[in-house]
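Please look over the sequence and the model shown below before reading on. The paragraphs that follow go through it one region at a time.

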Amino acid sequence: AQERANDAAGALKSIDKAEAAGADAFAMTCARASALGATLKYDDAAKAIKAANKLKPDHPEVLVQTGILACRRGRWKDAIEPLQRGVAAAPEHAQAHYYIGEAFNHADRLEDARVAYERAAALDPENWRALKGIGIVLDRLGRSTEAADWYRRAREPQRQ
């Protein structure tokens with residue numbers, strides 16, 4: 001929740017406290033990887049993902065975090081395969097759908113991107129980034145009137 005509120009540093013402190021209290025090691029390692037990536041500590045995030053993979057090899061969350069880290073590093077094509085595997089294993093993972101939409105968009109796979117963003121928005125209607133992503137893809141497809149509607153929809157969750 002803290003990371004979603006753009007407080008990755010606070011999230012890391014909460015993870016430390018949860019670990020000290022005996023929280024699930026795998027879950028905390030994945031959460032740490034995500035928060036480290038959000039604070040641009042990519043090498044540390046990669047180490048946390050590797051540690052999580054040792055605990056539960058090829059777990060969907062490891063795949064998703066691997067793909068997200070590739071996106072954060074701007075390695076869009078490298079992100080597609082782990083995110084596809086993560087989405088296949090955890091189809092209700094809204095964040096995975098959003099990030100695969102990002103990867104597809106940057107790899108110029110626009111219809112795949114639109115579908116992924118729409119799925120992310122369906123799973124998490126407050127995800128304004130997914131809504132905006134739909135608008136961006138529609139703009140890129142020359143459908144600016146439809147895109148404008150999605151941009152308006154993206155602004156609504158931000159106002160709350």
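Which residues are buried in H5? In this predicted model, the buried residues of H5 are Ala79, Ile80, Pro82, Leu83, Gly86 and Val87. A general point helps in reading such a list: an α-helix has 3.6 residues a turn, so residues three or four places apart point the same way. The buried residues of H5 pack against two other helices, namely H4 (60-72) and H6 (94-106). Helix H5 itself covers residues 76-89, and because a rise of 1.5 Å a residue predicts a span of 20 Å for its 14 residues, the 20 Å between its end C-alpha atoms agrees with that expectation. The helix also bends, by about 25°, at proline 82, and Pro82 is among the buried residues just named.

H4, one of the helices against which H5 packs, holds glutamine 65. This residue has a relative accessible area of 5% and, because buried means under 20%, glutamine 65 is counted as buried. When neighbours within four places in sequence are left aside, the contacts of glutamine 65 are Cys30, Ala33, Ser34, Ile49 and Gln95.

The aromatic residues come next. A pair of aromatic rings is described by the distance of the centres and the angle of the planes. Searching the whole structure gives 2 aromatic pairs. One of them joins tyrosine 98 and tyrosine 99 in an edge-to-face arrangement, with 5.0 Å from centre to centre and 75° between the planes. Tyrosine 98 and tyrosine 99 are both buried. Tyrosine 98 also pairs with tyrosine 117, and because their planes stand at 40°, with the ring centres 5.9 Å apart, this pair is tilted. Here distant parts of the chain are linked, since tyrosine 98 belongs to helix H6 and tyrosine 117 to helix H7, 19 residues apart. Tyrosine 98 has a relative accessible area of 11% and is buried, while tyrosine 117, at 0% relative accessibility, also counts as buried. Taken together, Tyr98, Tyr99 and Tyr117 make up one aromatic cluster.

Charged residues give another set of links. Side chains of opposite charge can pair when their charged atoms come close. The count of salt bridges in the model comes to 11. Among them is the one in which the side chains of aspartate 16 and arginine 32 meet, at 2.6 Å from N to O. This pair links distant parts of the chain, with aspartate 16 in helix H1 (residues 8-20) and arginine 32 in helix H2 (residues 25-38), 16 residues apart. Aspartate 16, at 41% relative accessibility, counts as partly exposed.

H5 takes part in a salt bridge as well: arginine 85, in helix H5, is linked to aspartate 58, in the loop between helix H3 (42-55) and H4, 27 residues apart. The distance from N to O in this pair is 3.4 Å. Both partners count as partly exposed, aspartate 58 at 47% relative accessibility and arginine 85 at 35%.

Where do the partners of the salt bridge between arginine 140 and aspartate 108 lie? Arginine 140 is in helix H8 (residues 128-140) and aspartate 108 in the loop between H6 and helix H7 (110-123), so this pair ties together parts 32 residues apart in sequence. Their closest N and O atoms are 2.4 Å apart. Arginine 140 is partly exposed at 42% relative accessibility, whereas aspartate 108, at 53%, counts as exposed. Finally, Asp16, Glu19 and Arg32 are joined into one network by salt bridges that share partners.

Definitions and conventions
Residues are numbered from 1 along each chain as its sequence is written. This is a predicted model: local features need pLDDT of at least 70, side-chain atom pairs count only at pLDDT 80 or more; totals for chains, interfaces and linings use all residues. Side-chain values use heavy atoms; hydrogens and water are left out. Helices (H or I, at least four residues) and strands (E, at least two) are DSSP runs, numbered from the N terminus. The expected span of a helix is 1.5 Å times one less than its number of residues. The bend at a residue is the angle between axes fitted to the seven residues ending there and the seven starting there. Buried means under 20% relative accessible area, exposed over 50%, partly exposed in between (1.4 Å probe, protein chains only). Contact means heavy atoms within 4.5 Å. A salt bridge is a side-chain nitrogen of Lys or Arg within 4 Å of a carboxyl oxygen of Asp or Glu. Rings of Phe, Tyr and Trp (its six-membered ring) pair if their centres lie within 6.5 Å; planes under 30 degrees apart count as stacked, over 60 as edge-to-face and the rest as tilted.
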